[in-house]
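Reader: I am new to this structure and would like to learn how to read it. Could you take me through a few features, giving the general idea before each case?

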Amino acid sequence: MPIVFITGATAGFGKAMAYQFAQRGYDIIINGRRADRLRVIEDDLQNNFGVKVYALPFDVRNQTEVKAAIKSLPHAFLEIDVLINNAGLASGLATIQDGAIADWDKMIDTNIKGLLYVSHEIIPLMIARRKGHIVNIASIAGKEAYAKGNVYCATKHAVDALSKAMRIDLLPYGIKVTNIAPGAAETEFSIVRLHGDVEKAKQVYQGFEPLKADDIAEVVYFAVSRPAHVVLNDIVITPKAQANTTYMIKKQ
Ligand code: NDP
Ligand code: 8X3
């Protein structure tokens, strides 16, 4: 069975992708910091879909932890066919002059450095097999900046650039790279961005129908399941009400 490694699978897109790939018979490595959630998902996937699941809790920001965790994978899970770099977050929504350094560090460390740390450990395994597919979850925020999005947008522009760069560097090894750029999707994303303010987070998605985590998971599975000679390079997905990062029609 093919193996998919999903970072940030305790919630949102990552969790939906774990279910999507399990339904299609993939064995799955799931990551996130909340180990209790990983255990529940691991049991559920194994019981419902009969696939092999390995819960691998670690913080993508900690390079030592990332390296040790991936090194500890059992032999049966080392032939990773698909890496989905999904773990990420926005922290704070503020103008550049009002931004908090702690928020900036968190976003840069998770969205850019975390993605690099995980990729650094898994790419050699793919190169050795001359095959693999890396899916980077970027954002529409990586296509255009928007008010108060500054550093989050910068991190997602970096993901966009890394997808392009990986595609070039990994071309000789037959490794595919797909960049996924979603618009507004209702997950735990806004709760995290707004530092736990659940009510304010709900308001972000009022007046229009946002994307759901499953909408993204379906597209990721579609991209990964194309024939061997086909690569979907870059996919922007928005809800119908959203034209770009700034122009959105909301009903009052
Ligand atoms: P959620 O907050 O629902 O999920 C984020 C996931 O990332 C969680 O599983 C979380 O797990 C994990 N994560 C966060 N930090 C770390 C870390 N340091 N180490 C390991 N795992 C971590 O958000 P989404 O599902 O919406 O977000 C997934 C990705 O999609 C992110 O990269 C986000 O930027 C991007 N995105 C989201 C959009 C949206 O509108 N929702 C639109 C465009 C892109 P845990 O807390 O257990 O560690
Ligand atoms: C999340 C979508 O538009 O809030 O990446 O930045 S947006």
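**Reading charged pairs and a helix**

Author: In this predicted model, a good place to begin is the salt bridge in which the side chains of Arg129 and Asp81 meet, with 3.4 Å from N to O. This pair joins distant parts of the chain, since Arg129 lies in helix α4 (residues 101-129) and Asp81 in the loop between α3 (63-71) and β4 (82-85), 48 residues apart. The general idea is that side chains of opposite charge can pair when their charged atoms come close.

Reader: Which of the two, Arg129 or Asp81, is buried, and which is partly exposed?

Author: Asp81 is buried, because its relative accessible area is 15%, and that falls under the limit of 20%. Arg129, with a relative accessible area of 25%, is partly exposed.

Reader: Which residues are linked with Asp81 and Arg129 in a network of salt bridges?

Author: The network of salt bridges links Glu79, Asp81, Arg129 and Lys131. By the rule used here, the count of salt bridges comes to 14.

Reader: How far apart in the chain are Glu199 and Lys202, whose side chains also meet in a salt bridge?

Author: Glu199 and Lys202 are 3 residues apart in helix α7 (residues 198-204), so about one helical turn separates them, and their salt bridge has a distance of 3.3 Å from N to O. Glu199 counts as partly exposed at 48% relative accessibility, and Lys202 counts as partly exposed at 42%.

Reader: What are the closest N and O atoms of Asp59 and Arg61 doing, and how far apart are they?

Author: Asp59 forms a salt bridge with Arg61, and the closest N and O atoms are 2.8 Å apart. Here Asp59 is buried, with a relative accessible area of 16%, while Arg61 is partly exposed, with a relative accessible area of 32%.

Reader: Let us turn to a helix. Which residues of α3 are buried, and which are exposed?

Author: To read a helix, one can ask where its buried residues lie around the axis. In α3, the residues Val66, Ala69 and Ile70 are buried; they cover an arc of only 90° around the axis, and therefore lie on the same side of α3. Thr64 and Lys71, on the other side of α3, are exposed.

Reader: What do the buried residues of α3 pack against, and which residue caps the N-terminal end of α3?

Author: The buried residues of α3 pack against β1 (3-6) and α4. The N-terminal end of α3 is capped by Asn62, which has a side-chain oxygen 3.1 Å from the backbone nitrogen of Thr64.

Methods. Residues are numbered from 1 along each chain as its sequence is written. Chains are lettered from A and ligands numbered from 1 in the order in which they are written. This is a predicted model: local features need pLDDT of at least 70, side-chain atom pairs count only at pLDDT 80 or more; totals for chains, interfaces and linings use all residues. Side-chain values use heavy atoms; hydrogens and water are left out. A salt bridge is a side-chain nitrogen of Lys or Arg within 4 Å of a carboxyl oxygen of Asp or Glu. Buried means under 20% relative accessible area, exposed over 50%, partly exposed in between (1.4 Å probe, protein chains only). Helices (H or I, at least four residues) and strands (E, at least two) are DSSP runs, numbered from the N terminus. The arc is that of the directions from the helix axis to the C-beta atoms. Contact means heavy atoms within 4.5 Å. A polar contact is a pair of N or O atoms within 3.5 Å; within protein, one must be able to donate a hydrogen and the other to accept it, and residues adjacent in sequence count only if both atoms are side-chain atoms.
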